[in-house]
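Please open the model in a viewer and follow the selections below in order. Each stop names what to select and then states what is found there.

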Amino acid sequence: MTATTADVWLPYPAEEIDGLPEGLNYLFWDGEPDYPGDPADCAYYVVPYLKGAEVAVRPLASMSAVQVVQTLSAGIDHVEPGLALLHSGVRLCNAKGVHEASTAELTLALILASLRGFPGFVHGQDKEEWRSGFYPSLADKSVLIVGYGSIGSAIEDRLAPFECARVARVARSARTTARGPVQTLDDLPALLPEADVVILSTPLNPSTQGLVGADFLAAMPDGALLVNVARGPVVDTKALLAELESGRLRAALDVTDPEPLPAGHPLWHAPNVLITPHVGGSTSAFEPRAKRLLAAQLTRFAAGEPVRNVVTTTG
């Protein structure tokens, strides 16, 4: 099968995406029970967005000719369980460039709302109570970003005007950036005691699952704020609950473990926690960026050029 005769499965109707190349057979599939065509004829599979791992993986075993699997999320953990079903040489691409703006916006919103006491103000408004007082500021705080990829970098871009005392950066590999050095996970024990705000923007993988456990949290200073815009399982929920219920730490969470957080879960009503329902990328900024990514990727694919954002290639 050549790229010019290939089926492409898209989670949008092709006519809604400007700039798609000619010569490909575009089929619309957004996770419905019936497939739009034979999965064996699909060469480029765009995973339906926010439909869960079961939907994402369901057609993979039958995609014998697929060459590219493209997510519309920054993370690829919902697709990884199905990679073993694919033949070798399939490129898995993420949506780098799509979610940075929205996720960074939400990160700053969570930090500011938590520090400045917005949850209490909302409850006060419900009760017609005027809850004035002094609250912490982001200015002069030391911030640690754990997971310094494109989203972590976008978060730091938006932190720049807030007069933070310093921003430290941690990623899988050490490197130097225009803003300063990026350290590794091995450096966390030295960095955590100095961090007033710890932001998690790391992918979920074996090295980060449960990364934020009892020891990690214990190393954070009293009154510090943990912000999770990564994935819920990066944090040990039981260990976090213990710190929240003691009143020692605060948290602002866009993701949780379990997720969705079920009714009756103690995290809902833990003190000093602000929870948003995994909406880091779910804004008006998502769709235009997602469609531009797909048009650019498929233009390269149709021309036989290397696609971008390749996270892994099946072996």
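Begin by selecting Phe118 and Phe121: the two are three residues apart in helix α3, and are therefore separated by about one helical turn. The model is a predicted one. The rings of Phe118 and Phe121 form a tilted aromatic pair, with 5.8 Å centre to centre and 50° between the planes. Are these two side chains buried, partly exposed or exposed? Phe118 has a relative accessibility of 46% and counts as partly exposed. Phe121, at 30%, also falls in the partly exposed class.

**The second largest pocket**

Keep Phe118 selected and add Pro119, Val122 and His123, then Trp268, His269, Ala270, Pro271, Asn272, Val273, Leu274 and Ile275; these residues line the second largest pocket. The space in this pocket comes to about 260 Å³. Which elements supply at least two residues each to the lining? They are α3 (118–126) and β13 (273–275). Of the contributors, α3 gives the most, with four residues. Colouring the lining by residue class shows nine nonpolar and three polar residues, and no charged ones.

**Asn272 and the loop before β13**

From the pocket lining, select Asn272 alone. Asn272 is placed in the loop between β12 and β13. Its backbone merits inspection: phi is positive, about 65°, although Asn272 is not a glycine. With a relative accessibility of 38%, Asn272 counts as partly exposed.

Next, select Asp257 and Pro258 and display the backbone. The peptide bond from Asp257 to Pro258 is cis, with omega near 10°. Pro258 is found in the loop between β12 (250–253) and β13. Then select Glu259 and Pro260, which are also joined by a cis peptide bond; here omega is about -5°. Pro260, too, lies in the loop between β12 and β13.

**Glu128**

Return to α3 and select Glu128, which is in the loop between α3 and β6. What is the sign of its phi angle? Phi of Glu128 is positive, about 60°, although the residue is not a glycine. The relative accessibility of Glu128 is 76%, so the residue counts as exposed.

**Gly147 and the annotated span**

Select residues 108–280. An unreviewed UniProt entry annotates this span as "domain: D-isomer specific 2-hydroxyacid dehydrogenase NAD-binding". In the model, the end C-alpha atoms of residues 108–280 lie 11 Å apart, and the span is 27% helix and 20% strand.

Within this selection, centre the view on Gly147, in the loop between β6 (142–146) and α4 (150–159). Gly147 has a relative accessibility of 8% and therefore counts as buried, the limit for that class being under 20%. Which residues does Gly147 touch, when those up to four places away in sequence are not counted? The contacts are with Gly152, Val170, Ser201 and Thr202. Add Pro203 to the view: its C-alpha lies 7.2 Å from that of Gly147, although the two residues are 56 apart in sequence.

**Thr184**

Now select Thr184, in strand β9 (residues 180–184). Thr184 has a relative accessible area of 18% and is therefore buried. Leaving aside residues up to four places away in sequence, Thr184 touches Val170, Ala171, Arg172, Ser173 and Ala174. Val170 is a shared point of reference for the last two stops, as a contact of both Gly147 and Thr184.

**The aromatic cluster**

For the final stop, display the aromatic rings. How many aromatic pairs does the model contain? The count is nine. Select Trp9 and Tyr45, whose rings form an edge-to-face pair at 6.2 Å centre to centre, with 90° between the planes. Trp9 is in strand β1 (residues 7–10) and Tyr45 in strand β3 (residues 42–46), so this pair ties together parts that are 36 residues apart in sequence. Trp9 is buried, with a relative accessible area of 0%. Tyr45 is likewise buried, at 0% relative accessibility. Add Trp29 and Tyr35 to complete the view: together with Trp9 and Tyr45, they form one aromatic cluster.

Notes. Residues numbered from 1 in each chain as written. Predicted model: local features only at pLDDT ≥ 70, side-chain atom pairs only at ≥ 80, totals over all residues. Heavy atoms only, no water. Buried < 20%, exposed > 50% of the residue type's maximum accessible area, 1.4 Å probe, protein only. Contact = heavy atoms within 4.5 Å. UniProt positions renumbered as here; feature names shortened; annotations may be inferred. 1 Å grid on protein atoms, 1.4 Å probe; cavity = no way out; pocket = protein on both sides within 12 Å on 5 of 7 lines; lining within 4 Å. Points joined across faces, edges and corners; volume = space filled by probe spheres on them. Nonpolar A, V, L, I, M, F, W, Y, C, P; charged D, E, K, R; others polar. Phe/Tyr/Trp six-rings, centres within 6.5 Å; stacked < 30°, edge-to-face > 60°.
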